[in-house]
Amino acid sequence: MKKKVFLTRALHDFALEQLRKRYHVEVHSGKIPIPQTKLHSKIKEIDGLICFPYDKIGKEEMESAKNLKVISTYSVGFDHIDTEHAKKKKIRVGYTPEVLTDATANLAFSLLLDISRRVSEGDRIVRNGKWKEVYGAFDYVGVDLKDKTLGILGLGRIGEMLAKRAKAFDMKIAYHNRKHVSKTKEKILNAQYVSFEKLISQSDFISIHVPHSTETDRMFGMKVFKKMKKSAYLINTSRGKVINEKDLVEALKKKMISGAGLDVFETEPIKNNHPLVKLPNVILAPHIGSSTEETRRKMAEITVKNLNLGMNDKKPAYSVGY
Ligand code: DGY
């Protein structure tokens, strides 16, 4: 009898075809994200799970799983999965790093360019028939990037690619990590290691590239905004919960910082009446860091590969721990 695989959303046809050749495949249809009660009941009977960042796979879900061998998430982030508990239960966890590095760095840099030249804001001005209100010499100006400091929090794969892009725009690059990167890398990227305090107080743009964890939870709050330059912009393509959104709204309203480009939010999708939606100096993207045709296909390939390996009691190609 074929083993059972459940997907909380559809994947590309080629990926589904590959899966159907080997397994009995069921794809959730209907409300997205899948209601937790349905996920909970499905997980009881399956051997493999393909999930997405909004699906919470916690201790409770794993405890009810009788045969689950592998969870393969279609994402680089895995903060929606209790990986510690998975390890205890000997459930393998696969994820999709590397292939989405360029796409996510491009998105971060797009947000940076957009917020610095107020492109999205201008789009709204034009659509709302307000062009004539921004004719003046001092009206509606942005800022240059040349010689400005980009502070990168988390110089990992994506942070590094962002640094390369910023270097091409003649920006200065400062970074903060738990560990220094190699001297060679620092030299290639022209990146200088600084303390977190320096990063937040000296950067003109700050881009966040750390995962969400107990350590990073809401680390950008009022205390940090108070120390940032009034002219600084904050970019976030990592996870929304790294920022205290209530504090960010206050900081933006009080002009404690100049603006923000956000692809991720504390709760997604962000509600229409969320205060961030009303602020002109914010760009809101619907969590599209990895969303290019090429990248998403590669992610599907890896997701299937990780699942297949796990189903065969092997370590996924990109594995979290076990
Ligand atoms: C990821 O892969 O984790 C991205 O944030 C898209 O969800």
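Which residue in β10 is the bridge partner of isoleucine 206? In β10, that partner is leucine 234. The structure shown above is a predicted model, and this pair of residues is a good place to start exploring it.

## Two strands side by side

Isoleucine 206 and leucine 234 are bridge partners within a longer pairing. Strand β9 covers residues 205-208 and strand β10 covers residues 233-236. The two strands run parallel, and four bridges join them.

## The sheet around them

Now let us step back to the sheet. β9 and β10 belong to an open sheet of seven strands, with parallel pairing. If you trace across the sheet, the order is β8-β7-β6-β9-β10-β11-β12. At the edges stand β8 (191-193) and β12 (282-284). Each of these two has a single partner strand, so one side of each is left without a neighbour in the sheet. On average, neighbouring strands of this sheet are turned by 20 degrees against each other, direction ignored.

A helix joins the picture here: α7 packs on the sheet. Its contacts are with β6 (149-153), β7 (172-176) and β9. The direction of α7 makes about 175 degrees with that of β6.

## The largest pocket

Next come the open spaces. The largest pocket holds about 1500 Å³ of space. Its lining is made up of 49 residues, and the closest to the pocket's centre are Val76, Gly77, His209, Val210 and Pro211. Three elements give two or more residues to this lining: α5 (101-117), α7 (157-168) and α12 (293-311). The helix we met on the sheet, α7, gives the most, with three residues.

What classes of residue make up the lining of the largest pocket? There are 20 nonpolar, 20 polar and nine charged residues. As for where this pocket sits, domain 1 (4-99 + 294-311) and domain 2 (101-284) both contribute residues to the lining, so the pocket lies between them.

## The second largest pocket

Another pocket is worth a visit. The second largest pocket has a volume of about 500 Å³, and 20 residues line it. Nearest its centre lie Pro53, Tyr54, Asp79, His80 and Lys241. By class, this lining has six nonpolar, six polar and eight charged residues.

Where does the second largest pocket lie? Domain 1 (4-99 + 294-311) and domain 2 (101-284) both give residues to its lining, so the second largest pocket lies between them.

How values were computed: Residues numbered from 1 in each chain as written. Predicted model: local features only at pLDDT ≥ 70, side-chain atom pairs only at ≥ 80, totals over all residues. Heavy atoms only, no water. 1 Å grid on protein atoms, 1.4 Å probe; cavity = no way out; pocket = protein on both sides within 12 Å on 5 of 7 lines; lining within 4 Å. Points joined across faces, edges and corners; volume = space filled by probe spheres on them. Nonpolar A, V, L, I, M, F, W, Y, C, P; charged D, E, K, R; others polar. Domains from an automatic or database assignment. Pairing = 2+ DSSP bridges. Axes fitted to C-alpha atoms, helices over the stretch in contact; angles between N-to-C directions. Contact = heavy atoms within 4.5 Å.
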